[in-house]
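Here are a few exercises to work through with the model open beside you. Try each task before reading its solution.

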Amino acid sequence: MSDLRRFLLRLHDFVRPARSERDLARELASHLALLEDEFIRRGLTPEAARRAAERSFAGVEQTKELYRDARSFVWLEDARRDLRHAVRTLRRAPGFTAAVVLTLALGIGANTAMFSVISGVVLKPLGYPGADRIVVVLNRWTDTGRTQANLAGGDEMDVAARHDAFEAVAYYQGGEVGVQLADGAEFVGTQFVQPDFFRVFGVAPMSGRTFNPDDAQRSAIVSLGFAQSHFGGAADALGRSVSIGGRPYEIVGVMPALMRFPAQTDVWAAAPLEPANRNRSGHNYRVVARLAPGVSVEAASAQLSSMAGQLARAFPDSNGHKTFVATPLRDDLVSRVRSTLFVMMAAVALVLLIACANVANLILARASARSRELAVRAALGAGRRHIVGQLLAESLVLALAAGAVGLLLARVGTSALLGVGARYVPLPRLEDVHTDWRVLLFTAAVSVITAVGFGLMPALQAARVEVGETLSQSGARGSLGAGSSRLRDGLVVAQIALSLVLAINAGLLFRSFVALTDTPLGFRTEGVLVAYAQAPARGSIFDQSGLADTIRVGQLFDDVFARLRQIPGVVSTGGAMGLPTGQYDSDGSYAVEGKQTFGGDFRRLPHAGFRLASPRYFRTLGIPLLRGREFEDGDLYDRPFVAIVSESLARQSLGADDPIGHRIMCGFDSDKWMTIVGVVGDVRQASPASTPGPELYMPLRQHPYAANRLQMVIRTSVEPESLIGAVRQSVRAMSPAVALKFTTLETSVNDSIAAPRFRMALVSTFATLAMMLAVAGMYAVMSYVTTQRTSEFGLRVALGARGADLVRLVLRGATRLLAVGVALGLAMALATSRIVTSMLFGIGLLDAQAYAGVLLVALPLVIAAATIPAIRAARVDPMIALREP
Amino acid sequence: MASGSKERVELLQGTLDLIVLRALDTMGPQHAYGLAARLEQVAEPSLTLNQGTLYPALVRLEQRGWIKGTWQRTETNREAKYYAITRAGVRALRRQAERWRRLAGLVEKLLLDES
């Protein structure tokens, strides 16, 4: 008890020493006065009494020291003194301090920014109540190992029946769809969710209620943002109506900002309790679930897997190679970006490492400039531990200052990352990226580790100083001997090597990106305006209802195309469902008459992308027609069904045969044979990085159920975006219920390679930073070396050496370092470039141009960094150099 | 501060604390000078006390809550900090004295056996 009390008081005394210091001085003064009185009483003169009193103490200051030792903690006092001394010392060397703090701040800032993103996206738990109990259920093919997010409707119903594993299960599907509101139509992120959806997430509405089973296909819940921008507020939205796909939904609840799943959703519309499509071969539904109490993710997966085994026996055609897996929602959200983020983190960590090496070098150089000061201190009795402590304190002060500056840089860096990155790379959970305690802790930890990392070696090195030798050396500077110069050389080599690793990986990403932009796509991107359009249609393909309505919508779009052609500046127009690099995609199996039958296990059938296209679509996009004809205005629903295939599909299924006249069937929406009437060139569908593959094109008008939502393409003779207003007006005039959204084909293609562009830009930035640091490091070391040898050079010049000889002498040393650094760097780059393999396109890992390009830029820079100090040294005036103390 | 002095303090620590507590217990509140004078008087030939060494003992005891210091006036009208033993201090003194006696007895016995 009394020990604890004493400990706390000592601690308090360390923090606030001033008061007890005053008290002690007062007490000692009183003590001395009493002693003096006593000595005077014994007959001494006042003067003699005072001296005698002071003698009774072994020294007033020593007493104070003893007292302080007992009162507080010596080592803490020492640390504080070291820190205070460090701050004073550093303040006297502002140039050095600024260089070190800035260098480190760059490294720490970059790391903190990257960590903020990783922390928010990957590490932080989701904000939902009991978020770790929320899982997604995925479909996995046991033969190929491929996992897909969508489940078949029939399978979903079996999953939902597993009450022993799940407390709640909900399917959902959707995306950006046209929604009709009182003030017009627009594209809104809309999800059709099974009524249990919000039970899975456990989020309470901020206004209104969540769904109950009666709400199916009648009620909707909207986001707070949507309620505010369209109805003025959460409460005002209740009871209002939104129309989706021609069906009115009444708003019964408003969700707080916390609810943001799936990303970018503003309207959750209640879907039927059971999926509309209940077969086991069409995979259309995503599934989320909340684990039942006491059931682990593994246990749930095990149950799903045994259930999948039963289904496989019961339905071998559709389910023979299928199983289901439960994965925590958070893991699923970040699975696609995790590796990119960690590669980036590794890259910035390298930058920090290089910055540390640089700073260690600066400190070494400074330590040797201070070796006399340190030797004097050692001679006056400072122990080795003391000197190391003091140098470490300086490192710590530097690192903490750098950490503070770095944190500021990181805030700027993070918002830049998010601002630019979010546009190009759809990162999940961006809302969760903040400078929170995790980030602060990370920065503090990085700063301290950095301080020890860059401070320890030079400190130990410097503390080994030989007192007698250093003091007897003439001149204001001592030198730290061979050990320190080896360390310094090693640091420069490490910097060159590490920065080369980054630069070469950046070079590979850059070359890969250039290859991407140079790839022929199979269509012409320039001068094409793209309008996403969706008209309300009530039809359902599953019960074949509303056919007349969907056919009417098809006619509407044909009329729209005709009207758009009248706009001055429009060269040609067409429409498609499944534009290259666009938002909609569909694919599946097909059969060619006489070669396959359509049915049974679909996965033995050939595979192709399914696209719908209007007449004049291929012409407008510049996709070459190789054989036969394009779709025509007469290819309507009541006419013979036709199709156009891509070159790849023809090769895949018909070899050398002429495809024209063959009949083909696919699982898109009808089971009619379609006659192939044309062959078109291959395109890269998803992005320039995708391989051109088999595509099956069908006329929009013959597949009316899917054709109310399409991408209009408008080739223009003027700037495409200048026609947006005119196009919007024309469409509105014909049907105000059509939702519209514009982009250009060029933008669309650019966006599709945004992720590699972003990666390349980021890694290039890091590599540039690293290279600059390495160059600065080389410069600093060569400057130091040449300064150290000034008198030697003076002597050489006095003995007849010419300037060029001196430059050569210095450069010989630099070249040795460079050679070792480059060799190491190349070896490490070869070893590490495997990490970026998956991010490369069109070039090999050993791409000669990337390696050569990097070396061509880097080598001259580093050599120049060494040459400048060399030339300066060569200009030395021998008289001055020799006379210099 | 040289590390030598630290060793001496540690050597004296237990005893000095005990002596101070005992002095305050029998004499009543005392200032540091009074304590030092008393100790010199009692111990005289065997111990010449550096008066400064009292201070670490005083701060230790005060931090443990065994003594308490207050500023007062002496008979000669000087201000001085008077230390008084607290109730916890009295208890501690009893414990420490007992321990010390046992230790001293043990050491005594051992020394007798050895010789």
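Two residues are in contact if their C-beta atoms, placed from the backbone, lie within 7 Å. Keep in mind throughout that this is a predicted model.

**Exercise 1. The make-up of chain B**

Task: Find how many helices and strands chain B has, and what share of its contacts with a separation of 6 or more comes from residues 24 or more positions apart.

Solution:
- Begin with the elements: chain B holds 4 helices and 3 strands.
- Next, put them in order: read from the N terminus, chain B goes α-β-α-α-β-β-α.
- Then turn to burial: 29% of the 115 residues of chain B count as buried.
- Finally, take the contacts of chain B with a separation of 6 or more: 47% of them are between residues 24 or more positions apart.

**Exercise 2. The sheet of chain B**

Task: Work out the order of the strands in the open sheet of chain B, and say which are the edge strands.

Solution:
- The sheet is open and has 3 strands, in the order β1-β3-β2, with antiparallel pairing.
- The edge strands of chain B are β1 (30-31) and β2 (67-73), each of which pairs on one side only.
- Now look at one pair in detail: 7 bridges link β2(B) with β3 (residues 79-85) of chain B in the antiparallel sense.
- To place this register in your viewer, start from B:Gln72, whose bridge partner in β3(B) is B:Ala80.

**Exercise 3. Where the chains meet**

Task: Determine how many residues each chain gives to the contact, and which element provides the largest share of the side of chain A that touches chain B.

Solution:
- Count both sides: chain A gives 23 residues and chain B gives 22 residues.
- On the side of chain A that touches chain B, the elements giving two or more residues are α1 (2-15), α2 (18-41) and α4 (60-71) of chain A.
- The largest share of this side, 8 residues, belongs to α4(A).
- Sorted by class, this side of chain A has 9 nonpolar, 6 polar and 8 charged residues.

**Exercise 4. A helix pair in chain A**

Task: Describe how α26 (residues 803-832) and α27 (residues 848-874) of chain A are placed relative to each other.

Solution:
- Two packed helices are described by the angle between their axes and the distance between the axes.
- Here the axes of α26(A) and α27(A) come within 9 Å and cross at roughly 150 degrees.
- Angles over 145 degrees count as roughly antiparallel, so α26(A) and α27(A) are roughly antiparallel to each other.
- The handedness of the crossing of α26(A) and α27(A) is right-handed.
- Among the residues that make the contact are A:Leu806, A:Val810 and A:Ala814 of α26(A), with A:Ile863, A:Ala866 and A:Ala870 of α27(A).
- By class, 13 nonpolar and 2 polar residues make up the contact of α26(A) with α27(A), with no charged residues.

**Exercise 5. A covered strand and its partners**

Task: Is β11 (residues 283-291) of chain A mostly covered or mostly uncovered? Go on to trace its pairing with β1, β3 and β4 of chain A.

Solution:
- Strand β11(A) is mostly covered, with 7 of its 9 residues buried.
- With β1 (residues 134-141) of chain A, β11(A) runs antiparallel over 4 bridges, and A:Val135 stands opposite A:Ala289.
- With β3 (residues 151-152) of chain A, β11(A) shares 2 bridges, again antiparallel; here A:Leu151 has A:Tyr285 as its bridge partner.
- With β4 (residues 166-181) of chain A, β11(A) pairs in the antiparallel sense over 6 bridges, and the bridge partner of A:Tyr171 is A:Val287.

Definitions and conventions. Residues numbered from 1 in each chain as written. Chains lettered and ligands numbered in written order. Predicted model: local features only at pLDDT ≥ 70, side-chain atom pairs only at ≥ 80, totals over all residues. Buried ≥ 20, exposed ≤ 12 C-beta atoms within 10 Å, placed from the backbone. Nonpolar A, V, L, I, M, F, W, Y, C, P; charged D, E, K, R; others polar. Axes fitted to C-alpha atoms, helices over the stretch in contact; angles between N-to-C directions. Parallel < 35°, antiparallel > 145°, perpendicular 65-115°, else oblique. Left-handed = near helix turned anticlockwise from the far one by under 90°. Pairing = 2+ DSSP bridges.
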